[in-house]
Structures are given as structure tokens and as C-alpha cells.
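Good morning, and thank you for coming. I would ask you to keep the sequence and the structure in view while I speak about the salt bridges.

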Amino acid sequence: MPRRALRAAEDLARARRPEEQKKLAAQVALVLGLLVTVVGGGAVTTPAEAVEPPTCWGDWCSGQDPEASGCSRDAQPIASARIPGTYAYVELRWSPTCKTNSARVPAAWGTDYPWQLRAYQCATGYNQTGVSDSNPNYSWTKMIYSPTLRVRAEWNGQPGSAWTACG
């Protein structure tokens with residue numbers, strides 16, 4: 001520990017009046033903060049913002065909205081298929097935290113034709129049909145809990161049908 005920081009810490013321990021303690025505590029914090037910055041390579045980091053955990057897990061997530069439940073936070077597209085005659089894709093998304101799949105399309109398609117989007121569990125036929133909700137960019141289905149059974153995303157209708165492989 002540098003001499004200045006050590007001296008400030010010793011002065012803080014000897015301070016008797018509260019205003020002296022506050023002043024010295026601020027000096028110690030400043031010196032230690034500078035020490036951390038120098039030793040840490042000059043990078044100043046802040047604590048990560050607290051992230052609320054999903055409101056569901058496992059089978060409790062089936063039939064719930066991925067955005068509202070928080071499962072979309074770590075969801076990633078794992079498969080996609082181009083909707084014929086367009087530049088739009090239907091996506092199959094997977095949330096490793098919630099162990100769920102959902103289907104997603106660009107918002108313009110989901111808001112104009114909400115009944116044509118579906119997440120489909122291939123082995124059982126269980127599905128979530130229709131748009132659960134949309135934001136300015138995307139529309140999505142409710143989730144299917146499916147840690148082991150394969151699911152596909154489907155677009156059934158205008159201007160042509162498309163689906164991902166059962167992935």
C-alpha cells in the first residue's frame with residue numbers, strides 16, 4: 001500500500017471528531033480509488049446493474065410471454081427460415097435460463113398477420129399459435145418449455161409458408 005494511503009488510514013483511525021472522520025474517509029476513498037485505477041490498468045468499472053431473474057422457470061414458462069417473464073433476456077435465435085417472396089425471416093429462439101423456445105418474426109408481419117406465427121413441438125404437436133405481443137421490431141409467440149424435445153418456428157400463410165427444421 002502506498003505511503004500516502006497508509007498515512008491517511010492511520011489519520012482516520014486517530015480522528016476523534018465526526019467531521020474529521022468524514023474528511024479523512026473521503027481522502028482514503030479517493031487514494032484507494034486511484035490506487036485501484038492504476039493497478040487495474042486504468043480501467044474504471046462500475047457494478048453491474050441488478051437484473052431481475054425471470055418470473056418463471058421450466059414448465060411454468062409454457063404459455064407465458066418471453067418478454068413479460070424475462071426469459072427473452074438471454075434468448076438467442078437458433079434457427080431461421082426465410083418467408084418466401086420477402087426478406088423477412090421466421091426465427092426459433094431458445095432461452096437457456098428458462099429452457100424454453102418461442103417463434104419470432106419482424107413486427108410488420110406479426111401485427112398484420114398475427115395468427116400465422118407458431119412455435120411447434122415436433123414430437124408431441126403441442127404448440128403456441130399466434131402473436132403473444134410485439135415491440136417496434138419484432139412479434140413473438142408464447143413459450144414452449146422444451147429442454148429435450150425439438151421445436152420449430154412456423155409461418156403459415158401470406159405470402160407463403162416457411163418453417164425451421166425441428167431444432
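Arg 152 has a relative accessibility of 22% and therefore counts as partly exposed, since buried would require under 20%. In this predicted model, Arg 152 forms a salt bridge with Glu 154, and the closest N and O atoms of the two lie 2.6 Å apart. Glu 154, in turn, is buried, because its relative accessibility is 2%.

Glu 154 has a further partner. Arg 118 also forms a salt bridge with Glu 154, with 2.7 Å between the closest N and O atoms. This second pair links distant parts of the chain: Arg 118 belongs to strand β4, residues 117–121, while Glu 154 belongs to strand β9, residues 151–155. The separation in sequence is 36 residues. Is Arg 118 buried or partly exposed? Its relative accessible area is 21%, so Arg 118 is partly exposed. Through shared partners, these salt bridges join Arg 118, Arg 152 and Glu 154 into one network.

How many salt bridges does a search of the whole structure find? The search finds three. Two have now been described, Arg 152 with Glu 154 and Arg 118 with Glu 154. I turn to the pair formed by Glu 91 and Arg 104, whose closest N and O atoms are 2.9 Å apart. Here too, distant parts of the chain are linked: Glu 91 lies in strand β2 and Arg 104 in strand β3, residues 100–106, with their positions 13 residues apart in the numbering. Strand β2 itself covers residues 89–95.

Both members of this pair, Glu 91 and Arg 104, are buried. For Glu 91 the relative accessible area is 15%, which means that it falls under the 20% limit for a buried residue. What does Glu 91 touch, leaving aside residues up to four places away in sequence? The list consists of Pro 77, Ala 79, Ser 80, Ser 102, Ala 103, Arg 104 and Ala 153. Arg 104, the salt-bridge partner of Glu 91, is thus one of the residues on that list.

Finally, a word on confidence. The protein averages a pLDDT of 83, and 70% of the residues score at least 70. Over residues 34–39, however, the pLDDT is below 50, and this stretch has four contacts in the model beyond near neighbours in sequence. Where pLDDT is low, the predicted coordinates should not be read in detail.

Note on methods: Residues numbered from 1 in each chain as written. Predicted model: local features only at pLDDT ≥ 70, side-chain atom pairs only at ≥ 80, totals over all residues. Heavy atoms only, no water. pLDDT = per-residue confidence, 0-100. Contact = heavy atoms within 4.5 Å. Helix = DSSP H or I, 4+ residues; strand = E, 2+ residues; numbered from the N terminus. Buried < 20%, exposed > 50% of the residue type's maximum accessible area, 1.4 Å probe, protein only. Salt bridge = Lys/Arg side-chain N within 4 Å of Asp/Glu carboxyl O.
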